[in-house]
Amino acid sequence: MKRLVELHKLFYTPIWKYEYTDFKKDEDFLLEYFTRDDHYLAERERNGLQITRANLHKAPELKKFTDFIISCAEDAMNQMGYEPKCGITSLWATRQRQGGFHHRHHHVNSFLGGAFHLYDIDGNASGTAFYNTDASKYVIQPAVQKDKEQMLSHREVMKFDPGHLHLFPAWAQHDTEPTPSRYRIVVATNIMPIGMTNKDHFDRYNYGDPSDMKLKEYEG
């Protein structure tokens with residue numbers, strides 16, 4: 001007897017992958033810009049990773065690139081049922097040597113986070129891993145069928161794919177494994193909504209446009 005069944009996947013974590021369609025045309029410029037040694041802070045190097053200051057979205061020469069990020073974020077906001085207007089609050093790059101990695105973290109004081117996979121010299125860089133932190137789902141661990149995808153997965157890896165932006169809720173924990181590639185570059189971003197909220201009549205916020213926001217930078 002055939003069973004009638006509906007499967008509802010509740011409370012999932014949305015991750016978007018957007019292609020930068022002009023990547024082949026703009027790759028040389030982006031690579032030259034994000035490999036400039038003077039952008040990187042030597043005192044912030046750890047885990048085989050170097051990081052830039054987080055105000056690169058202010059650079060006029062990156063306007064086409066930041067416009068692409070904002071258009072992707074507005075599309076994601078719209079898909080979630082929110083007013084789409086939003087803005088970049090910070091943009092920075094990281095570069096890693098072989099064995100370098102980024103610890104598990106989430107993006108605080110932000111609504112959306114983003115990771116743009118820019119460059120992998122060897123074509124084998126580790127991607128970005130996202131985690132399901134609802135530990136109660138994994139207390140019981142039955143035997144698995146090796147030929148089937150596990151529905152209750154606690155970890156999912158987005159492969160390193162140059163020219164693509166991954167957007168995610170800022171609370172989604174993620175990291176990168178030690179990379180076998182000798183050199184890889186990722187550009188990361190934080191995004192906030194702009195405008196007045198309207199969900200609670202008694203507790204509204206008017207998120208300002210971050211375009212002219214002064215960003216507190218690293219000390220030292």
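## Contacts of L167

In this predicted model, L167 is in contact with P14, I15, W16, Y18, C72, A73, A76, G113, G114 and I191, once its neighbours within four places in sequence are left aside. Three of these partners, C72, A73 and A76, are also found among the buried residues of helix α2, and L167 itself is one of the residues that touch the most other members of the largest nonpolar core.

## The nonpolar cores

The largest nonpolar core holds 31 residues, and within this core F34, F116 and L167 touch the most other members. The elements that contribute two or more residues to the core are β1, α1, α2, β3, β5 (112–120), β8 and β10 (183–193), and of these α2 gives the most, with seven residues. Apart from this core lies another one, made of seven residues, among them A125, F130, A172 and V186. As background for a reader new to the subject, nonpolar side chains tend to be buried together in soluble globular proteins.

## Helix α2

Which helix gives the most residues to the largest core, and how many does it give? The answer is α2, with seven residues, and this helix deserves a description of its own. Helix α2 covers residues 63–79, which makes 17 residues, and the helix reaches 24 Å from its first C-alpha to its last, close to the 24 Å expected at 1.5 Å a residue. Just after α2, G81 takes a positive phi of about 90°.

The buried residues of α2 are F65, T66, F68, I69, C72, A73, A76 and M77, and the buried residues of this helix pack against β1, α1, β3, β5, β8 and β10. T66 can serve as an example: T66 lies in helix α2 and counts as buried because its relative accessibility is 7%, where buried means under 20%. If residues up to four places away in sequence are not counted, T66 touches H57, I88 and L91.

## Salt bridges

A search of the whole structure finds ten salt bridges, of which three are described here. In one of them, D161 is paired with K17, and the closest N and O atoms are 2.8 Å apart. Because D161 lies in the loop between β7 and β8 (164–169) while K17 lies in strand β1 (residues 16–19), the pair ties together parts that are 144 residues apart in sequence. D161 is partly exposed at 24% relative accessibility, and K17 is likewise partly exposed, with a relative accessible area of 42%.

Another salt bridge joins the side chains of K64 and D26, at 2.9 Å from N to O. Since K64 belongs to helix α2 and D26 to helix α1 (residues 23–34), this pair ties together parts that are 38 residues apart in sequence. K64 is partly exposed, with a relative accessible area of 39%, whereas D26 is buried, with a relative accessible area of 13%. Both residues also take part in a network of salt bridges that links D22, K25, D26 and K64.

The side chains of R95 and D37 meet in a further salt bridge, at 3.0 Å from N to O. R95 lies in strand β3 (residues 86–97) and D37 in the loop between α1 and β2 (49–51), so the pair ties together parts that are 58 residues apart in sequence. Is R95 buried or exposed? R95 is buried, with a relative accessible area of 11%, while its partner D37 is exposed, with a relative accessible area of 58%.

## Exposed residues and the surface

On the surface, L7, M151 and L152 make a nonpolar patch of about 360 Å². M151 is found in the loop between β6 (128–131) and β7 (155–158), and M151 counts as exposed because its relative accessibility is 61%, where exposed means over 50%.

Two other exposed residues stand out by their backbone angles. F11, in the segment before β1, has a phi near 55°, which is a positive value in a residue other than glycine, and F11 is exposed, with a relative accessible area of 80%. N109, whose place is in the loop between β4 (102–105) and β5, has a phi near 50°, again a positive value in a residue other than glycine, and N109 counts as exposed at 75% relative accessibility.

Methods. Residues numbered from 1 in each chain as written. Predicted model: local features only at pLDDT ≥ 70, side-chain atom pairs only at ≥ 80, totals over all residues. Heavy atoms only, no water. Patch = residues over 30% accessible without salt bridge, like charges linked within 9 Å, V, L, I, M, F, W, Y side chains within 5 Å. Areas by Shrake-Rupley, 256 points an atom, 1.4 Å probe, with all protein chains shown as cover. Salt bridge = Lys/Arg side-chain N within 4 Å of Asp/Glu carboxyl O. Helix = DSSP H or I, 4+ residues; strand = E, 2+ residues; numbered from the N terminus. Buried < 20%, exposed > 50% of the residue type's maximum accessible area, 1.4 Å probe, protein only. Core = buried A, V, L, I, M, F, W, Y, C linked by side-chain atoms within 4.5 Å. Contact = heavy atoms within 4.5 Å. Expected span 1.5 Å × (residues − 1).
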